[in-house]
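User: I am new to this structure and would like to understand the reasons behind the terms used for it. Could you take me through them step by step?

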Amino acid sequence: MASGVTVTDEVITVFNEMKVRKAQANKDEKKKRKKAVLFCLSEDKKHIVLEAGKEILTGDVGTTIADPYLHFVKMLPADDCRYALYDATYETKETKKEDLVFIFWAPEGAPLKSKMIYASSKDAIKKKFTGIKHEWQVNGLEDIKDRRTLAEKLGGSSVATLEGGPV
């Protein structure tokens, strides 16, 4: 179910930057890393673009943003769809992990036309996001507000923690 919507180069660049973790990155580079980012359709509904001002930088965590997960949830619009990437840090019984999660946000209050075009365009962005292990379709705040839900999606258990505190 293709919509003909294309993904901009800027979106692909952001994904690649989030995907690659540079072990030798200096402090400033680490601060500029994106923790979360939202993508939306352009005004003409022909391209998937970076949503201006809708990102969390790793350097903001602990300074201007106390809880990155809660801040991310608050960035999601109540009445429209979005795509998002969230760099989740979580613990399982065995180890601490970091994974990128692709989120398709389609809240109940979004217009039907928006839900249809976002749903039919999802494959276009997913094809560009090679190597994503976790995908999550969320239809309302009830589904996403609790860290435990995401931790379980990532393979953590109810004893897992997601950065920002225990779930």
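**Rings, strands and charges**

Analyst: In this predicted model, ring pairs link Phe15, Phe39, Tyr83, Phe102, Phe104, Tyr118 and Phe129 into a cluster. The structure holds eight aromatic pairs.

User: Why is the aromatic pair of Tyr69 and Tyr86 called edge-to-face?

Analyst: A pair of aromatic rings is described by the distance of the centres and the angle of the planes. For Tyr69 and Tyr86 the centres are 5.6 Å apart and the planes stand at 85°; rings pair if their centres lie within 6.5 Å, and planes over 60 degrees apart count as edge-to-face, so both conditions are met. Tyr69 lies in helix α3 (residues 68-75) and Tyr86 in strand β4 (residues 82-91), so this pair ties together parts that are 17 residues apart in sequence.

User: What makes the pair of Phe72 and Tyr86 tilted?

Analyst: Here the centres are 5.0 Å apart, with 40° between the planes, and since an angle under 30 degrees would count as stacked and one over 60 as edge-to-face, the pair of Phe72 and Tyr86 is tilted. This pair too links distant parts of the chain, with Phe72 in helix α3 and Tyr86 in strand β4, 14 residues apart.

User: How do you know whether Tyr69, Tyr86 and Phe72 are buried or exposed?

Analyst: Buried means under 20% relative accessible area. Tyr69 has 1% and therefore counts as buried, Tyr86 has 0% and counts as buried, and Phe72, at 0%, counts as buried as well.

User: What shows that the buried residues of α3 line one face of the helix?

Analyst: The buried residues of α3 are Pro68, Tyr69, Phe72, Val73 and Met75. Seen down the axis of α3, they fall within an arc of 155°, so they line one face of the helix. An α-helix has 3.6 residues a turn, so residues three or four places apart point the same way.

User: What alternates along strand β6 (residues 134-138)?

Analyst: The side chains do: His134, Trp136 and Val138 point to one face and are buried, whereas Glu135 and Gln137 point to the other and are not. Strand β6 runs parallel to β5 (residues 96-105), to which five bridges join it, and Ile103 stands opposite Trp136 in β6. From β5 the chain crosses through helix α4 (residues 112-128) to β6, in a β-α-β crossover that is right-handed.

User: Why is the contact between Asp87 and Arg33 called a salt bridge?

Analyst: The closest N and O atoms of Asp87 and Arg33 are 2.8 Å apart, and a salt bridge needs a distance within 4 Å, so the pair qualifies. Asp87 lies in strand β4 and Arg33 in the loop between α2 (27-32) and β2 (34-41), so the pair ties together parts that are 54 residues apart in sequence. With a relative accessible area of 3%, Asp87 is buried.

User: Where do the partners of the salt bridge between Asp99 and Lys133 lie, and are they buried or exposed?

Analyst: Asp99 and Lys133 have their closest N and O atoms 3.4 Å apart, and they link distant parts of the chain, Asp99 in strand β5 and Lys133 in the loop between α4 and β6, 34 residues apart. Asp99, with a relative accessible area of 9%, is buried, while Lys133 has 63%, which is over 50%, and therefore counts as exposed.

How values were computed:
Residues numbered from 1 in each chain as written. Predicted model: local features only at pLDDT ≥ 70, side-chain atom pairs only at ≥ 80, totals over all residues. Heavy atoms only, no water. Buried < 20%, exposed > 50% of the residue type's maximum accessible area, 1.4 Å probe, protein only. Helix = DSSP H or I, 4+ residues; strand = E, 2+ residues; numbered from the N terminus. Pairing = 2+ DSSP bridges. Right-handed = clockwise from strand over helix to strand, strands pointing away. Phe/Tyr/Trp six-rings, centres within 6.5 Å; stacked < 30°, edge-to-face > 60°. Arc of directions from axis to C-beta. Salt bridge = Lys/Arg side-chain N within 4 Å of Asp/Glu carboxyl O.
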